[in-house]
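Here's a small set of exercises to work through with the viewer open. Try each task yourself before reading its solution.

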Amino acid sequence: MARYRDALRPEAERYGVELPPLGLTDDDHFAAKVELAIAYRIPLVSFTFGVPSAAVVRALRDAGSAVLITVTSGAEARRALTVEPAGLIAQGGSAGGHAATLDPAGYRGERGAPEVLAEVLAVTDRPVLAAGGGDVPGLRSAGAAAVQCGTAFLLAEEAGTRAVQRAAMRSGEFRETVVTRAFTGQPARALRNRFVEAYSAIAPVGYPAIHHLTAPIRAAAARQGDASALNLWAGVGHATTRPGSTAALVDELQA
Ligand SMILES: Cc1cc2nc3c(=O)[nH]c(=O)nc-3n(C[C@H](O)[C@H](O)[C@H](O)COP(=O)(O)O)c2cc1C
């Protein structure tokens, strides 16, 4: 991670920002987030990047939450089932944004949602949601209890998507997506831009340390309207993403 920080110095200079020191003990406020979910009795709480302890799942269940754990393979599903979640989310490699994988060093995101869904359904009778690619009717008929979509909402009126990402998505300039650890240290699917090209090969595993390390660069790039160093999270289906209200987009996805 220290070598990666050194490699990013030219980017810091380019955008006129300081790289923060590496925060290697940061757990992203895990316990505080769980406490908050319990206090507010959130009806549905999903986990990603790992399997929470059985005690955390039990505490959420006692507060009235249905707990879901996101997995990317049958083997990860078996690990997640040991803490007795209400259900699982089977995330395919086509999904936009971060991958839930427990193997961030080896994950390539090459398996589609139908394949991962079938593998997860084979190891549990609990409800399984599918994520990745946004083929709602197809994944529902393949046994998914529901389908989680992200990319399809990136241009929604209500979405918090930055103006520079909206413009990048509509420009047609970025055609390919790629799974990269360059921005956050956890594999994530993003539009292939200059930053992805330059740093994916040397980016270490290390969420959230790498997320915090690159945050000032990404913030400055966004301020400057420069999409070349932004984490343009998007799934393989990004070219079909349309603007509109969330309600209209949900209707279209179900058709
Ligand atoms: C911009 C963006 C942000 C996301 N943030 C999260 C998140 O915070 N937590 C999470 O579990 N999944 C997150 N995801 C992943 C989605 O939950 C889902 O797995 C994925 O979007 C489904 O594939 P699709 O993008 O092809 O629809 C995000 C996806 C995108 C595109």
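The exercises below go from the whole chain to its domains, the ligand and a few local details, all in a predicted model.

**Exercise 1. Work out how the radius of gyration of the chain compares with the globule rule.**

Step 1: take stock of the secondary structure, which amounts to 11 helices and 8 strands.
Step 2: compare the numbers. The radius of gyration is 19 Å, and the globule rule gives 18 Å for 255 residues; the two are close, so the chain is as compact as a globular protein of that length.
Step 3: add the extents. The C-alpha trace spans about 50 × 40 × 35 Å along its principal axes.
Step 4: check the inside. Buried residues account for 41% of the 255 residues. Of the contacts between residues at least 6 apart in sequence, 61% join residues at least 24 apart.

**Exercise 2. Describe how the chain splits into domains, and what the side of domain 1 that touches domain 2 is made of.**

Step 1: find the pieces. Domain 1 comes in two segments, 1-24 and 150-243, while domain 2 covers 41-148.
Step 2: place them. Their centres, taken over C-alpha atoms, are 24 Å apart.
Step 3: count the contacts. On the domain 1 side 16 residues take part, and they meet 16 residues of domain 2.
Step 4: sort the domain 1 side by class, and you get 9 nonpolar, 5 polar and 2 charged residues.

**Exercise 3. Which residues are closest to the ligand, and which classes make up its shell?**

Step 1: list the neighbours. The shell has 21 residues, and Ala95, Gly96, Gly97, Gly150 and Gly235 are the closest.
Step 2: class them. There are 16 polar and 5 nonpolar residues, with no charged ones. Keep in mind that Gly counts as polar here.
Step 3: ask where they come from. Domain 1 and domain 2 each supply at least three residues of the shell.

**Exercise 4. Is helix H3 largely in the open or largely enclosed, and what about strand S2?**

Step 1: use the cut-off, by which a buried residue has 20 or more other C-beta atoms within 10 Å of its own.
Step 2: apply it to H3 (residues 30-39). Just 1 of its 10 residues is buried, so the helix lies largely in the open. Right after H3, arginine 41 has a positive phi of about 50°.
Step 3: apply it to S2 (residues 66-71). Here 5 of the 6 residues are buried, so the strand is largely enclosed by the rest of the structure.
Step 4: see what S2 pairs with. Strand S1 (residues 44-47) runs parallel to S2, with 4 bridges between them. In one of these pairings, phenylalanine 47 is matched with isoleucine 69 of S2.

**Exercise 5. Find the edge strands of the sheet ordered S4-S8-S7.**

Step 1: read the order. This is an open sheet of 3 strands, paired antiparallel.
Step 2: count partners. S4 (97-98) and S7 (177-180) each have a single partner strand, so they stand at the edges with one side left without a neighbour in the sheet.
Step 3: zoom in on S7 and S8 (residues 188-191), which are joined by 4 bridges. Threonine 177 has leucine 191 of S8 as its bridge partner.

**Exercise 6. Is threonine 240 buried or exposed?**

Step 1: locate threonine 240 in the loop between helix H10 (209-223) and helix H11 (246-254).
Step 2: count its neighbours. With 9 other C-beta atoms within 10 Å, threonine 240 is exposed.
Step 3: for scale, phenylalanine 30 is 210 residues from threonine 240 in sequence and 35 Å from it in space, C-alpha to C-alpha.

Key
Residues are numbered from 1 along each chain as its sequence is written. This is a predicted model: local features need pLDDT of at least 70, side-chain atom pairs count only at pLDDT 80 or more; totals for chains, interfaces and linings use all residues. Domain bounds come from an automatic or database domain assignment. Two residues are in contact if their C-beta atoms, placed from the backbone, lie within 7 Å. A residue is near a molecule or strand if its C-beta atom, placed from the backbone, lies within 6 Å of it. A residue is buried if 20 or more other C-beta atoms lie within 10 Å of its own, exposed if 12 or fewer, and partly exposed in between; C-beta atoms are placed from the backbone. Helices (H or I, at least four residues) and strands (E, at least two) are DSSP runs, numbered from the N terminus. Two strands pair if DSSP finds at least two bridges between them. The radius of gyration is taken over C-alpha atoms; the globule rule is 2.2 Å times the number of residues to the power 0.38.
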